[in-house]
Amino acid sequence: MKKIFLVLLLLSGKLFANTITVSSIAELQSAIAKAKPGDKIILRDGLYTTTSDIDIACVGTKDQPITISAQDFGKTEITGSGGFDLINPSAYVIIRDFKFTHAASKAKSSSG
């Protein structure tokens, strides 16, 4: 019985990881704020205009990073005056497949 419990405990991180699909910057920001290790957040294809930074302060793990991605490579564009801002305590976060045309120097990582 103890072996079964241990296996379930080890797998529990994978069992609680989610794939969250969003279709707006507000939904993206909300999903990032609630993200847990192993979660995958997908922003649907389209053009999204930001007026402020998209703050990322979530924490994944080495084995279960948090992934923030476009639905399809290059088909999800972030434009406008804001960009992604990795702030403390963010760690083990992967951002991938976006096309960025937002204001210059708006992708940043704050020192922690």
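**Warm-up.** Which residue in β6 does G46 stand opposite?

*Solution.* G46 stands opposite T76. Before going on, keep in mind that this is a predicted model, where local features need pLDDT of at least 70, side-chain atom pairs count only at pLDDT 80 or more, and totals for chains, interfaces and linings use all residues. Residues are numbered from 1 along each chain as its sequence is written, and side-chain values use heavy atoms, with hydrogens and water left out.

**Exercise 1.** Take stock of the whole chain: what elements does it have, and how many of its residues count as buried, as a percentage?

*Solution.*
- Step 1: list the elements. There are two helices and 10 strands; helices (H or I, at least four residues) and strands (E, at least two) are DSSP runs, numbered from the N terminus.
- Step 2: put them in order. From the N terminus on, they run α-β-α-β-β-β-β-β-β-β-β-β.
- Step 3: check burial. The chain has 112 residues, and 29% of them count as buried. Here buried means under 20% relative accessible area, exposed means over 50%, and partly exposed is in between (1.4 Å probe, protein chains only).
- Step 4: look at the contacts. Among those with a separation of 6 or more, 65% join residues 24 or more positions apart. A contact means heavy atoms within 4.5 Å.

**Exercise 2.** Place T76: where is it, is it buried or exposed, and what does it touch?

*Solution.*
- Step 1: find the strand. T76 belongs to β6, which covers residues 76–80.
- Step 2: read its burial. With a relative accessible area of 0%, T76 is buried.
- Step 3: look for a polar partner. A polar atom of the T76 side chain lies 3.4 Å from the backbone oxygen of R44.
- Step 4: scan its contacts. Leaving aside neighbours within four places in sequence, T76 is in contact with several residues, including L43, G46, Y48 and F98.
- Step 5: see the sheet. β3, β6 and β9 form an open, parallel sheet in the order β3-β6-β9. β3 (46–50) and β9 (99–100) stand at the edges with a single partner strand each, so one side of each has no neighbour in the sheet. Between β3 and β6 there are five bridges; two strands count as paired if DSSP finds at least two bridges between them.

**Exercise 3.** Describe the largest nonpolar core: how many residues does it have, and which elements give two or more residues to it?

*Solution.*
- Step 1: know the term. A nonpolar core is a set of buried Ala, Val, Leu, Ile, Met, Phe, Trp, Tyr and Cys residues joined through side-chain atoms within 4.5 Å.
- Step 2: count. The largest one has 18 residues, and those with the most contacts inside it are L28, I32, I41, L43, I68, F84 and F98.
- Step 3: trace the elements. Two or more residues each come from α2 (25–34), β2 (40–43), β4 (54–56) and β5 (66–70). The largest share, four residues, comes from α2.
- Step 4: turn to the helix. I25, L28, A31 and I32 are the buried residues of α2. Seen down the axis, they fall within an arc of 125 degrees, so they line one face of the helix; the arc is that of the directions from the helix axis to the C-beta atoms. On the other side of α2, A26, A33 and K34 are exposed.

**Exercise 4.** Why is β5 described as largely enclosed by the rest of the structure?

*Solution.*
- Step 1: count the buried residues. Five of the five residues of β5 are buried, so the strand is largely enclosed.
- Step 2: sort them by direction. I66, I68 and A70 point one way, while T67 and S69 point the other way. In a regular strand the side chains alternate between the two faces of the sheet.
- Step 3: find the partners. β5 pairs with β2 in the parallel sense over four bridges, with K40 opposite T67. Four bridges also join β5 to β8, again parallel, and S69 stands opposite R96 there.

**Exercise 5.** Which residues does I95 touch, and is I95 buried or partly exposed?

*Solution.*
- Step 1: I95 sits in strand β8 (residues 93–96).
- Step 2: its relative accessible area is 30%, so I95 is partly exposed.
- Step 3: not counting residues up to four places away in sequence, I95 touches I56, I68, F84, L86 and F100.
- Step 4: I95 and S69 are 26 residues apart in sequence, yet 5.7 Å apart in space, C-alpha to C-alpha.

Conventions:
Polar contact = N/O pair within 3.5 Å; in protein donor to acceptor, adjacent residues only side chain to side chain.
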